[in-house]
Amino acid sequence: MIRKILMLVFIAILSIVLVAGCAGSSGDDNGDNNSEEQSDIDESTDIASPIDIKLSEFKITPSNITIQKGETINFKIENDGTTFHTYTIEGLDEEVRLQSGESNSFEVKFDKPGAYGVLCTVPGHADRGMIGEIKVEE
Ligand SMILES: [Cu+2]
């Protein structure tokens with residue numbers, strides 16, 4: 001009787017392991033084959049701290065960001081507005097240009113302490129509020 005129970009438990013464990021194994025490998029295949037979104041997420045969690053930024057009429061949210069010197073930031077910019085906007089960091093060669101509804105990301109490592117101005121370079125947009133600042137603290 002006990003042997004029979006042990007046998008059943010053994011079979012049950014074996015089948016769970018097999019099912020889990022199959023599910024795991026098929027999941028990996030899907031990820032490798034078709035998902036760009038997944039690889040984006042992996043990159044950001046590996047090295048850089050992600051910051052989500054939204055552009056709209058006429059603001060950058062969040063407008064002010066404070067980070068630590070030496071940090072690598074993954075900026076994920078989304079245009080939530082109804083017209084074209086940019087996310088431009090002054091003093092760096094970083095600019096993301098986005099049509100309504102588009103999003104994009106880039107990484108910057110901030111080695112020097114200081115303040116960088118941020119703006120949308122579409123004429124008139126900075127004047128109407130699309131400005132901000134990135135503060136890099138020692
Ligand atoms: Cu703009």
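Here are three short exercises, with worked solutions, on the predicted model shown above.

**Exercise 1. The nonpolar core**

Task: Work out which elements give two or more residues to the largest nonpolar core.

Solution:
- Begin with the core itself, which has 13 residues. Those with the most contacts inside it are I53, L55, I60, I77, Y87, V118 and C120.
- Next, turn to the elements: strand 1 (49-56), strand 4 (72-79) and strand 8 (114-119) each give two or more residues to this core.
- Strand 4 gives the most, with 3 residues.
- Finally, look around I53. Leaving out residues up to four places away in sequence, I53 touches I60, T61, P62, F75, K76, I77 and Y87.

**Exercise 2. Cis peptide bonds**

Task: Find where the cis bond before F58 lies, and then the one before P62.

Solution:
- Keep the general background in mind: most peptide bonds are trans.
- E57 and F58 are joined by a cis peptide bond, with omega about -15°. F58 sits in the loop between strand 1 and strand 2 (59-61).
- T61 and P62 are also joined by a cis peptide bond, with omega about -5°. P62 belongs to the loop between strand 2 and strand 3 (64-68).

**Exercise 3. The setting of L119**

Task: Decide whether L119 is buried or exposed.

Solution:
- Locate L119 in strand 8.
- Count its surroundings: 20 other C-beta atoms lie within 10 Å. The cut-off for buried is 20 or more, so L119 is buried.
- Now list its contacts beyond four places in sequence: T88, E90, A126, M130 and I131.
- As a last step, compare chain and space: L119 and I60 are 59 residues apart along the chain, and their C-alpha atoms are separated by 8.0 Å.

Definitions and conventions
Residues are numbered from 1 along each chain as its sequence is written. This is a predicted model: local features need pLDDT of at least 70, side-chain atom pairs count only at pLDDT 80 or more; totals for chains, interfaces and linings use all residues. A nonpolar core is a set of buried Ala, Val, Leu, Ile, Met, Phe, Trp, Tyr and Cys residues joined through C-beta atoms within 7 Å. A residue is buried if 20 or more other C-beta atoms lie within 10 Å of its own, exposed if 12 or fewer, and partly exposed in between; C-beta atoms are placed from the backbone. Helices (H or I, at least four residues) and strands (E, at least two) are DSSP runs, numbered from the N terminus. Two residues are in contact if their C-beta atoms, placed from the backbone, lie within 7 Å.
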